[in-house]
Amino acid sequence: MKLIRLLSIDSTNSEAQRRLPELSSGTVLAAREQTAGRGQRGNSWFSEPGANLTFSIVLKFAQGELPARNAHWLNYLISNVVVAFLQDCGVDSQVKWPNDIYVGRRKICGILIENTLRGDSLEASVIGVGININQQAFPQLASATSVRLCTGRKMDLDACLEALLALFEQALPQLKEEPSALLEAYTARLFQKGEQASYHDCLKEEQITGVIEGVAPDGRLQIRDSAGMLRLYQFKEVSYIL
Ligand code: BTN
């Protein structure tokens, strides 16, 4: 993988999008500081300069290599890699579907994947990852945590990025060769799986109590509600009540 280090940039995802035509697959843009970090659902991503990992991985695909209907495999891939990286740091984490990484009830990592399509398959993907490593206070988000808060240890950011990218490179062939292993590892770490919890069904505009059973092959979250009915949700169709 080719690493491009940036001191300060609005957002590594935005920079990767701007430079997409010239960047080769496997290029990583990592920034010490983001001035306009972007999150899911149009949210901002705040990260103390020099304290955390904020980077974007560019992947490019041959025609038909990754059908758009399987784009969620990228969620599994990057989520599994982050969970494995955190495990190596001594932090036990879980994936809150589709791709937030949590330690207990606190968010430690956010992922923003932006895909470019060519017909009905992916042409390129920008996988943006923000992992809280050494930050110790989160004024913008009380329910956040970091590796340092979890372990009490200050980490070397360069070594962290290198370790994570090595795990990513190792896992990447699973996209083509072993997608079922990706899903298996992902569901094994699914936040609130098998636990009774409350959710907001955004389709029916109602609060439900249910148990996450897993993820369907098409990437939808499966929740068995208290009436015994299996409900399937796409991204933004359900929210967690925490
Ligand atoms: C979220 O949880 O809402 C997703 C957050 C994604 C943040 C990362 S930091 C690196 C990359 N650049 C961005 O602007 N966003 C992603």
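**Entry 1: Q192**

I started with Q192, which is buried, with a relative accessible area of 3%. The model I am reading is a predicted one. I placed Q192 in the loop between α6 and β8 (196-201). I then checked its backbone: phi of Q192 is positive, about 65°, although the residue is not a glycine.

**Entry 2: R41 and A36**

I looked for another positive phi and noted R41, a residue other than glycine with phi near 55°. R41 belongs to the loop between β2 and β3. I looked up its accessibility, 47%; R41 counts as partly exposed because that value falls between the 20% limit for buried and the 50% limit for exposed.

In the loop between β2 (27-34) and β3 (53-60) I also looked up A36. A36 has 39% relative accessibility and therefore counts as partly exposed. Leaving out neighbours within four places in sequence, I found A36 in contact with I9, D10 and S11. I also took the C-alpha to C-alpha distance from A36 to S47, which is 9.8 Å for a separation of 11 residues in sequence.

**Entry 3: α2 against α6**

How do α2 and α6 cross? I found that the axes of helix α2 (residues 73-88) and helix α6 (residues 179-188) come within 9 Å and cross at roughly 60°. I therefore list α2 as oblique to α6. The crossing in which α2 passes α6 is left-handed.

I listed the contact residues next: W73, N75, Y76, L77, S79 and N80 on the α2 side, and P179, L182, L183, A185 and Y186 on the α6 side. By class, I have eight nonpolar residues, three polar and no charged in this contact.

On α6 I noted A181, L182, Y186 and T187 as the buried residues. These buried residues pack against α2, β4 (94-96), α5 (174-177) and β9 (206-215).

**Entry 4: two asparagines of α2**

I looked at N80 in helix α2. Is N80 buried or exposed? Its relative accessibility is 16%, so N80 counts as buried. I followed the side chain of N80 to the backbone oxygen of L182, which it reaches at 3.0 Å. Not counting residues up to four places away in sequence, N80 touches L182, A185 and Y186.

N75 also lies in helix α2. I have N75 down as buried, at a relative accessible area of 15%. With residues up to four places away in sequence set aside, N75 touches P98, N99, I113 and Y186.

**Entry 5: P98**

Having met P98 as a contact of N75, I looked at its peptide bond. The bond joining W97 and P98 is cis, with omega about 0°. I placed P98 in the loop between β4 and β5 (100-103).

**Entry 6: α2 against α4**

Last, I looked up the packing of α2 with helix α4 (residues 157-171): the angle is about 135° and the axes are 9 Å apart. I therefore list α2 as oblique to α4. The crossing of α2 and α4 is right-handed.

From α2 I listed L77, I78, V81, V82, A84, F85 and D88, which meet C160, A163, L164, L167, F168 and A171 in α4. What classes do the residues of the contact of α2 with α4 divide into? I have 12 nonpolar, no polar and one charged. L77 is on my list for the contact with α6 and on the list for the contact with α4.

Notes. Residues numbered from 1 in each chain as written. Predicted model: local features only at pLDDT ≥ 70, side-chain atom pairs only at ≥ 80, totals over all residues. Heavy atoms only, no water. Axes fitted to C-alpha atoms, helices over the stretch in contact; angles between N-to-C directions. Helix = DSSP H or I, 4+ residues; strand = E, 2+ residues; numbered from the N terminus. Parallel < 35°, antiparallel > 145°, perpendicular 65-115°, else oblique. Left-handed = near helix turned anticlockwise from the far one by under 90°. Contact = heavy atoms within 4.5 Å. Nonpolar A, V, L, I, M, F, W, Y, C, P; charged D, E, K, R; others polar. Buried < 20%, exposed > 50% of the residue type's maximum accessible area, 1.4 Å probe, protein only. Polar contact = N/O pair within 3.5 Å; in protein donor to acceptor, adjacent residues only side chain to side chain.
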